[in-house]
Structures are given as C-alpha cells and as structure tokens.
Amino acid sequence: MSDGAPCAGLLLAAGAGTRLGTPKALLEFQGERLADRGARLLRDGGCRPVIVVLGAAAGRIGGLDDQGVIVVRNPDWATGMGSSLRAGLDAVPPSAGAVVVALADQPLVRAEAVRRLAEARAAGAAVAVATYGGARRNPVMIGAEHFAEVRRLATGDAGARPFLRAHPDLITLVPCDDAGDPADIDTPEDLRRLLALAPPRGGLEGTGRLDTLS
C-alpha cells in the first residue's frame, strides 16, 4: 500500500552492447545518448531522484551528474543485469516509497508510461508492470517493501524477473499501448528500425550514431 512517498527512478545502463558494438549508454538516438534519454524519461515521468547504473561505459560517460542524476558505478556489471539492479536499489534513498525501473535500450518508451506506474503506486499497487498488446514489458514499479527480496533474487542476467514470477498476485498490469513502444536496441539493425519508427525530436529527423563517445 502506498504511503504517499515519491517514486524514485532507476535506469539500468551498464551493459557492454556486444552485438551492437558499443555500450548502449553511449549510443546516440536522435542526437541524445541513451543514458541521457533514459534519465530524462524517468525525470519527465515524475521520478525523484533519478539513479543511473553504469558499467561498461562508466569511465567514458560524463555530464549525468550535472543533470541532478545519481550515478552508480557497478564494478560487477559483466555478471549480468542482476548486479546492476542490486546496485541501483542500494542507492534508492529511504524517503522513496517505490522505484520505477527502466532500461536504457528502449528509447521509444514515453514518460506517460512512467507516470502511469507511479499512479498505480499512489492507488495502492505493490508492484506494477507496463504492458503493450497485453505483453508484460518495461518499465516496472516495485514498492520499497519488496526491495530486500528483489535484491536476493536478482542474480545473473535475470533482473527482477525471478521476483515477479514468484509473486504474480502482487502485480498490477498497467496498459501502455499508447505510451510508447518497448522495442529494444540490441543490434545496428534494431537501431535503424527504431529510428524509422521514432517521431522527430524538435522537428528534426532522428539520427543514430554508433561511434564511441568520450
């Protein structure tokens, strides 16, 4: 049950992007790094504070601190998403009643999806999952009362899935079909496809770059 405490935002952006050829946090989508875009998604969705977990690109990406983002470096990022989720949850302040977890490689998810998850928390949901066409995807909202178990079950590359599978009775499904597209970027082909689907930003055509930034 919600106690009125704010939702923090947690962006997982630690992977190496092996199939893509560059860490996803560094990838530019419509002229904006995915790490910045994901932080903005959570911020525009009303999350406070916003936490970004970096790993493979931690030594090559700057500027996030200047946006008021809490940057967490996960030295164990190569072990999988579970370690990044644990590192991020450890950085959530006690004042936050819940966290909305998003992935950096889903750039077409919109802030409205984040807002709906936060609203589900305000309405009393313990856990909420965004759905698209009836399928469960991201973002995901997790109440602070469940952080300890999520941490315990988050191993390897599973992230929050073991917890969600263990507690289907806790999950509130939040339809987000009109709040973006959860397609992710794993390959250069994915990048080209999503750029073709993305609405122009600021009236300009989107551009995607695979070069490594410093």
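1. Let's start with a small example in a helix. R192 and E189 both sit in helix α6, three residues apart, which is about one turn of the helix. Their side chains meet in a salt bridge, with 3.2 Å from N to O. As for the surroundings, R192 is exposed, with a relative accessible area of 51%, while E189 is partly exposed at 48%. Please keep in mind as you read on that this is a predicted model.

2. Now for a salt bridge of another kind. Which side chain does D105 meet in a salt bridge? The partner is K24, at 2.7 Å from N to O. D105 lies in the loop between β6 (98-103) and α3 (111-122), and K24 lies in the loop between β1 (7-13) and β2 (28-29), so this pair ties together parts that are 81 residues apart in sequence. Try finding both residues in the structure above.

3. Are D105 and K24 buried or exposed? D105 is buried, with a relative accessible area of 9%. K24 is buried too, at 17%. The cut-off that matters here is 20%: a residue under that value counts as buried.

4. K24 has another partner to look at. Its side chain also meets that of D186 in a salt bridge, again with 2.7 Å from N to O. This pair links distant parts of the chain: K24 is in the loop between β1 and β2, D186 is in the loop between β9 (171-175) and α6 (188-197), and the two are 162 residues apart.

5. It helps to step back and look at the whole set. How many salt bridges does the model have? The count comes to 15. Going back to the exposed R192, its bridge to E189 stays inside one helix. Salt bridges that share partners, on the other hand, join R19, K24, D105 and D186 into one network.

6. Next, the sheet. Seven strands form an open sheet in the order β5-β4-β1-β6-β8-β7-β9, and the pairing is mixed. Why do β5 and β9 each have one side without a neighbour in the sheet? β5 (70-73) and β9 stand at the edges, each with a single partner strand, so one side of each is left free of a neighbour. On average, neighbouring strands of this sheet are turned by 25° against each other, direction ignored. As background, strands of a sheet pair through backbone hydrogen bonds, either parallel or antiparallel.

7. Both kinds of pairing can be found here. Strand β4 (residues 50-54) runs parallel to β5, and four bridges join them; V53 stands opposite V72 in β5. β6 and β8 are antiparallel and also joined by four bridges, with V100 having M141 in β8 as its bridge partner.

8. The β7 and β8 pair deserves a point of its own. Strand β7 (residues 127-132) pairs with β8 in the antiparallel sense over five bridges. Y132 has A135 in β8 as its bridge partner. The hairpin of these strands has two residues between them, and G133 takes a positive phi near 60° there.

9. On to the pockets. The largest pocket has a volume of about 1000 Å³. It is lined by 35 residues, of which M81, L103, D105, D157 and R161 lie nearest its centre. You have met D105 already, as the salt-bridge partner of K24. Which elements give two or more residues to the lining of the largest pocket? They are β1, α2 (81-90), β6, β8 (135-143) and α5 (161-166). The largest share, five residues, comes from β8. By class, the lining of the largest pocket divides into 17 nonpolar, eight polar and ten charged residues.

10. The second largest pocket holds about 350 Å³ of space. Its lining has 20 residues, of which R37, P107, L108, V109 and R110 lie nearest the centre. Helix α1 (residues 34-44) gives the largest share of this lining, six residues. Sorted by class, the lining of the second largest pocket has eleven nonpolar, four polar and five charged residues.

Key: Residues numbered from 1 in each chain as written. Predicted model: local features only at pLDDT ≥ 70, side-chain atom pairs only at ≥ 80, totals over all residues. Heavy atoms only, no water. Salt bridge = Lys/Arg side-chain N within 4 Å of Asp/Glu carboxyl O. Buried < 20%, exposed > 50% of the residue type's maximum accessible area, 1.4 Å probe, protein only. 1 Å grid on protein atoms, 1.4 Å probe; cavity = no way out; pocket = protein on both sides within 12 Å on 5 of 7 lines; lining within 4 Å. Points joined across faces, edges and corners; volume = space filled by probe spheres on them. Nonpolar A, V, L, I, M, F, W, Y, C, P; charged D, E, K, R; others polar. Pairing = 2+ DSSP bridges. Axes fitted to C-alpha atoms, helices over the stretch in contact; angles between N-to-C directions.
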